[in-house]
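Please open the model in a viewer and follow the stops below. Each stop names a selection and then says what is there.

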Amino acid sequence: MKLTKTKKIRLDKTFYKELLNNLPEKIFYKDKNLRYIIINRSFADDLGIKPEEIEGKTDLDIFPHNIAEKYRKDDRGIIKTGKPIHIIDPYCPPDKKYVVQCIKIPVKDKKGNVIGMLGMAYDITDKVRLIKKLQKNVKEFQETFEDIIKTMMDIVETKDPYTSGHQKKTVQLACAIAKEMGCPRKQIEDIKIASSIHDLGKIFIPMDILNKPAKLDDVEFAFVKTHPVNGYKLLNDIKLLSPVAKIVYQHHERLNGAGYPEGTRDGKISLEARIIAVADVVEAMTSHRPYRTAYPLEEALKEIEKNAGALYDKDVVKITIKLFREKNFSFQT
Ligand SMILES: [Fe+2]
């Protein structure tokens, strides 16, 4: 059966009218003077009117003044530029308050002049509420995570009070080096956490060795050398800290293989561990110990400069010296 042209037009009109009026989104058409010409039933129901009662009204007749003015400013922009916009706005019909995502598209005549705009707004209040809840949960998780790291730092310093503040200051220098080297944010975050707890494994070392006010003998030093492995074992069991565990494991390795626990060389030592190694040495040398006084900063810088490329990464050393000599870096207590 073939429809007559008139019947086809009538059927099309009914189809589009029903479609428009059964969509939950708020759909509207405004002329270039920002007057509503058509709205669908969903929009009209919100306003407590019939769709045909909207004709000629403006946002100022419908919404609170400040919100209406915001809509009108956006609309004037569309009329002027002829470009569509995509915005998230509050939407306040009488006795209701939503957040809507709204798309407004300019409607043009055959010559390309803007004669009005077509808009569609849909309710994203639940999505916004869910995103806010997730953001709150993420923030709480981050705070808890930071508290756990801080507690780990405190445990190490309780066991080894002579190095009190050492980890905190190593973090300051390691992060400054990483930033100056242009490391990505995630890498800087890993360096921050790893340097905060790089000596965690010391909790397994007897206190009389850690606090001995004299040079350690070979057996005692062998004990101390277990701390990167023990730190690794503690952290590697926590899935989230597994990348950090690997850095902690390598923080006493040296480029020429003279370090421990494995004597790993060159490229097999991660950049994160190379950075912490230098920060660790500079901070330790410039701090007082029960068996020696603090070295002057210049002496610590000469030590890393002399061993750049042999023990320490050349670039990391270069940046560290630049930070102290040119950028006025200093440890904060
Ligand atoms: Fe260490």
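**Helices H6 and H7**

Start with H6 and H7, where H6 passes H7 in a right-handed crossing. The model is predicted. On the H6 side, select Gln 167, Thr 170, Val 171, Ala 174, Cys 175, Ala 178 and Lys 179; on the H7 side, select Gln 187, Ile 188, Ile 191, Lys 192, Ser 195 and Ser 196. These residues make the contact. Sorted by class, the contact of H6 with H7 holds 6 nonpolar, 5 polar and 2 charged residues.

Now show the whole of H6, residues 166–180, and the whole of H7, residues 185–196. Their axes come within 8 Å and cross at roughly 160°. With angles over 145 degrees counted as roughly antiparallel, H6 and H7 are therefore roughly antiparallel to each other.

**Helix H11**

Select H11, residues 242–250. Its buried residues are Val 244, Ala 245, Ile 247, Val 248, Tyr 249 and Gln 250. Add H7, H10 (227–236) and H12 to the view: the buried residues of H11 pack against these helices.

**The loop between H11 and H12**

Go on to Asn 256, which sits in the loop between H11 and H12. Is Asn 256 buried, exposed or partly exposed? Asn 256 has 14 other C-beta atoms within 10 Å, so it is partly exposed. Leaving aside residues up to four places away in sequence, Asn 256 touches Arg 265, Ala 310 and Leu 311. For a view across the model, pick Leu 19 as well: Asn 256 and Leu 19 are 75 Å apart in space, C-alpha to C-alpha, and 237 residues apart in sequence.

Stay in this loop and select Pro 261, which is also found between H11 and H12. The peptide bond that joins Tyr 260 and Pro 261 is cis, with omega about 15°. Most peptide bonds are trans.

**Helices H12 and H14**

Next select H12, residues 271–285, together with H14, residues 314–325. The two axes come within 9 Å and cross at roughly 45°. That angle makes H12 oblique to H14. The crossing of H12 and H14 is right-handed.

Which residues meet here? From H12 they are Arg 274, Ile 275, Val 278 and Val 282, and from H14 they are Val 316, Val 317 and Thr 320. The contact of H12 with H14 divides into 5 nonpolar, 1 polar and 1 charged residue.

Move past H14 to Asn 328, in the segment that follows the helix. Asn 328 has a positive phi, near 55°, and is not a glycine. With 7 other C-beta atoms within 10 Å, Asn 328 is exposed.

**The sheet**

Turn to the sheet and colour its strands separately. The sheet is open, and its 5 strands lie in the order E2-E1-E5-E4-E3 with antiparallel pairing. At the edges are E2 (36–39) and E3, each of which pairs on one side only. From one strand to the next the twist averages 25°.

Begin at E3 (residues 85–91) and E4 (residues 98–108), which pair antiparallel over 7 bridges. Select Tyr 91 and its bridge partner in E4, Tyr 98. E3 and E4 form a hairpin with 6 residues between them, and Asp 95 in the turn has a positive phi of about 65°.

Step to E5 (residues 114–123), joined to E4 by 9 bridges and antiparallel to that strand. Here Val 107 has Gly 116 in E5 as its bridge partner. E4 and E5 also form a hairpin, with 5 residues between them; Gly 112 in this turn has a positive phi of about 95°.

E5 also pairs with E1 (residues 26–31), in the antiparallel sense and over 6 bridges. Select Ile 27 and Met 120 of E5, which stand opposite each other.

From E1, follow the chain into the loop between E1 and E2, where Leu 34 lies. Leu 34 is not a glycine, yet its phi is positive, about 65°. Leu 34 counts as partly exposed because it has 18 C-beta neighbours inside 10 Å.

**Last stop: helix H4**

Finally, add H4, residues 65–81, to the view of the sheet. H4 lies across E1, E3, E4 and E5, and runs at about 170° to E3.

Technical notes: Residues are numbered from 1 along each chain as its sequence is written. This is a predicted model: local features need pLDDT of at least 70, side-chain atom pairs count only at pLDDT 80 or more; totals for chains, interfaces and linings use all residues. Axes are lines fitted to C-alpha atoms, for helices over the stretch in contact, and angles run from 0 to 180 degrees between N-to-C directions. Helices (H or I, at least four residues) and strands (E, at least two) are DSSP runs, numbered from the N terminus. Angles under 35 degrees count as roughly parallel, over 145 as roughly antiparallel, 65 to 115 as roughly perpendicular and the rest as oblique. A crossing is left-handed if the near helix is turned anticlockwise from the far one by less than a right angle, and right-handed if clockwise. Two residues are in contact if their C-beta atoms, placed from the backbone, lie within 7 Å. Ala, Val, Leu, Ile, Met, Phe, Trp, Tyr, Cys and Pro count as nonpolar, Asp, Glu, Lys and Arg as charged, and the others, Gly among them, as polar. Two strands pair if DSSP finds at least two bridges between them. A residue is buried if 20 or more other C-beta atoms lie within 10 Å of its own, exposed if 12 or fewer, and partly exposed in between; C-beta atoms are placed from the backbone.
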